[in-house]
Amino acid sequence: MQKDHNTGGPPGPTGRIRHRKRSSEVSFDASKENGGHLLVDDQNKYKSMWIRLYSSLWMIGGFALIIYMGHLYICAMIVIIQIFMAKELFNLLRKAHEDRRLPGFRLLNWHFFFTVMLFVYGRILSQRLVNTVTSDKFLYQLVSSFIKYHMVTCYFLYIAGFMWFILTLKKKMYKYQFGQYAWTHMILIVVFTQSSFTVANIFEGIFWFLLPASLIVINDIAAYIVGFFFGRTPLIKLSPKKTWEGFIGASIITMISAFMLANFMGRFQWLTCPRKDLSAGWLHCDPGPLFKPETMSLPGWVPPWLPWRDFSIFPVQWHALWLGLFASIIAPFGGFFASGFKRAFKIKDFGDSIPGHGGITDRMDCQMVMAVFAYIYHQSFVVPQSLSVEMILEQILTNLSFEEQQDLYVRLGQIFQERLYGLS
Amino acid sequence: MDQSTSGTTTPRVRHRKRSSEVPAEAVKSNGVQLLVNDQNKYRSMWTRIQSSLWMVLGLACALYLGHLYIWAMVVVIQIFMARELFNLLRRANEDRRLPGFWLLDWHFFFTALLFVYGRILSQQLVYTGASDKLFYKLTSVFVKYQMVICYFLYIAGFVWFILSLKKKMYKYQFGQYAWTHMILIVVFTQSSFTVANIFEGLFWFLLPAALIAVNDVAAYFFGFFFGKTPLIKLSPKKTWEGFIGASVATVISAFLLANVLGRYQWLTCPRKGLTTGWLRCDPDPLFKPEIYSLQDWVPQWFPWKEFSVLRVQWHALCLGLFASIIAPFGGFFASGFKRAFKIKDFGDSIPGHGGITDRMDCQMVMAIFAYIYHQSFVVPQSYSVEMILDQILGNLNFEEQQALYMKLGQIFHERQWYIQE
């Protein structure tokens, strides 16, 4: 793997301690040798904090707008974020010198990107696509044949890329090309696993996308603020600005806000209803037992002068506690991984798209770990799944035609009826 | 990053999979030398034939024993292949300063094993049916929470990796981490597809594997006798004559082999469940012979008036085509990889052939294709309402059947709603 210097400024004679996500405009004399310096006493902190605040507000604003507009737009936003993230990462370890001698090699990266996109979103959206086009017979045929041969199509696209790669191997460039090939695969896996799980979560209900994402943001901000005022003991050598006080304080704050945020978000049907197709209109549904308030009364040992005796809790708030726990304890490791990676390859930021924050990957590093967990948690504990039922259902939907499915349904119904009569 | 080169100063032309006993003066700078004229070719050919025979014997034995034993054989091959590949790009110097880092590789290996085979196991358990035994209960709990368990094992490895990052070793460690992931993906994708194929019927495992072997052997012999024009710079011993001759030979043998293999129920019946006993099943329409009459075409004296063709033989033609044209690219990839990292062979487990990865490089590409082909073109043709109804009634308990019925009803209801809009 090659080194790349993404930002200006020579590496100073001071130690390798870099400030996490500091704006590139801040001069290098602000770097301190001792990582245990409190941020409150830092000279240029206010300027960098203002820039970060400014771009954060823009991001939050844009995000809120997209949430208002709906599931499809959120998916589109995720796809766009993905494309930019992949572009950042593809460019990261490319060596300009070698690239000049391999024209068209970059196309290969985007070919694989397109193949994986087709594969991943084809799987997730297939059922919803079918639901959207059932009105038109011709489109339905087209879509169902696409779904049927989806795997083969993606496989042949991949094999075409594989063969293209082998045929473009140039003497003396083998090692660089193989390195790029492996790097491409790793990037695509990282980018697409988390984004596909995110999209799957969105269609289960925006709640399951919004809550984990907010928890990560809250954890980040809380860690920053608590570390700002109380931080003394460094947490990990990889990120010298992080402190134990910030970590623990942020964990507590995250879990409390998880509990309360879940209550707040659970009231909106726009956020809690699953989307069964690819339309963009208003959503109404039965929220399900998770989002129905249950009244709980405080236990008898609480003194009687406390005004609130009962309070209503959504069962989903208990799930939110687990999400909060994960967001505060494990998700930061995504950030440590990214920091370690940047140190290993001596880069300051993944990119410079967002002023004050670095590149998109810098913002998404913890989000990625959280998105995968949120999906797996949802599939395992929230939605009661029976693997065999899912398997057979999938077989039915992909291999039988519309009429055959109806036929199966009718016959199954008949068998149940017979059983009922047989028992009585 | 060299591991096992012979350290010669001759140009980079290496002979593909030559036995390590052959002295270096047999290496020629001109890659177009016909194999027929090589001095030590006979000795190396004999070593190769010997080890090939042992491998074929071992495979035949496993085949006779059955699906579960072949699965075990695949897992064992996987473990050896992963070990070869893990060791390949490891640097002894760095490794001394990172005690226990190799454990991380095996942790991820174990996690991937659990994930991949857990899914296959869960599918097979559906067919075994419910039982009260403790083992079954434990396994079904595992299957239900399989994703979470594997995810947390992975996260544990991830956290362990981050906590073990040592100053000045970051780049090496990240490189090893990426390398581990790539190895596990390559090894497990193809082996999981292979195992899935095995349970669909040994035929779908044996035929592709045999075609790759046939293609390899045929290419060797055609190149031996007729090879003149080099095929690709990556593998200088390969020739166009060998390639085309082997393609023709492979497609023809695919057609014939499918006929031979398709007659045995042991090979064609799918294995439902984790039993090891004898297999009896209703032969799939694919394996029923269709008679084609030659009466109008051939003169009277021709003894064969008709020949029977199994429908599966047409599928075998596609498999043969892929095996001869695309699967060799797996071998080119491995050759290019070895050149890039200046290694001669992936390992030296098999005398005359190199390491296990050297033998499996084309097999891997083929196994994936065979599975995808089977799922896309063979399976849907055999689905019918009857079959699925049988599955539902036979394999699901009452609550699950009701759940399925309700879900289907919901899906139809939504569809109707959209049609009316």
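This report walks through some surface patches, salt bridges, cysteines and backbone details of a predicted model.

## Reading the model

Because the model is predicted, local features need pLDDT of at least 70 and side-chain atom pairs count only at pLDDT 80 or more, while totals for chains, interfaces and linings use all residues. Residues are numbered from 1 along each chain as its sequence is written, chains are lettered from A and ligands numbered from 1 in the order in which they are written, and side-chain values use heavy atoms, with hydrogens and water left out.

## Salt bridges

Let us start with charged pairs. A salt bridge here is a side-chain nitrogen of Lys or Arg within 4 Å of a carboxyl oxygen of Asp or Glu. By this rule the count is 6 over all chains.

In chain A, the side chains of A:Arg363 and A:Asp220 form a salt bridge, at 3.6 Å from N to O. This pair links distant parts of the chain, with A:Arg363 in helix H13 (residues 360–382) and A:Asp220 in helix H8 (residues 207–230), 143 residues apart. Helices are DSSP runs (H or I, at least four residues), numbered from the N terminus. A:Asp220 is partly exposed at 25% relative accessibility. For these accessibility words, buried means under 20% relative accessible area, exposed means over 50%, and partly exposed lies in between (1.4 Å probe, protein chains only).

In chain B, B:Arg359 forms a salt bridge with B:Asp216, and their closest N and O atoms are 3.4 Å apart. This pair too links distant parts of its chain: B:Arg359 belongs to helix H13 (residues 356–378) and B:Asp216 to helix H8 (residues 203–226), 143 residues apart. B:Arg359 is buried, with a relative accessible area of 17%, whereas B:Asp216 is partly exposed at 23%. Chain B also has a salt bridge between B:Asp345 and B:Lys338, with 3.7 Å between the closest N and O atoms. Salt bridges that share partners join B:Lys338, B:Asp345 and B:Asp358 into one network. Within this network, B:Asp345 is buried at 11% relative accessibility, and B:Lys338 is buried at 5%.

## Patches on the surface

Now to the outside. Patches are made of residues with over 30% relative accessible area and no salt bridge, where like charges are joined within 9 Å and nonpolar side chains (Val, Leu, Ile, Met, Phe, Trp, Tyr) within 5 Å. The areas come from the Shrake-Rupley method with a 1.4 Å probe, and for residues only the protein chains shown count as cover.

A:Trp50, A:Leu53, A:Tyr54, A:Leu57 and A:Trp58 make a nonpolar surface patch of about 660 Å². One of these, A:Trp58, sits in helix H1 (residues 45–69) of chain A and is exposed at 62% relative accessibility.

A positive patch brings together A:Arg101, A:Lys170, A:Lys171, A:Lys172 and B:Lys233. Lys and Arg count as positive and Asp and Glu as negative, while His and the chain ends are not counted; each charge is placed at NZ of Lys, CZ of Arg, CG of Asp or CD of Glu. A:Arg101 lies in the loop between helix H3 (96–100) and helix H4 (105–133) of chain A, and is partly exposed with a relative accessible area of 42%.

## Two lysines with positive phi

A:Lys172, a member of the positive patch, has a positive phi of about 70° although it is not a glycine. A:Lys172 is found in the loop between helix H6 (150–167) and helix H7 (174–204) of chain A, and is exposed, with a relative accessible area of 75%.

In chain B, B:Lys168 has a positive phi of about 70°, although it is not a glycine. B:Lys168 lies in the loop between helix H6 (146–163) and helix H7 (170–200) of chain B, and counts as exposed at 75% relative accessibility.

## Cysteines without partners

A disulfide is a covalent bond between the sulfur atoms of two cysteines. Here the term is applied to a pair of cysteine sulfur atoms within 2.5 Å, and a search of the whole structure finds 0 over all chains.

The sulfur of A:Cys154 is too far for a bond because the closest cysteine sulfur, in A:Cys75, is 18 Å away. A:Cys154 is buried at 5% relative accessibility. For B:Cys362, the closest cysteine sulfur is that of B:Cys318, 19 Å away and so too far for a bond. B:Cys362 is buried at 8% relative accessibility.
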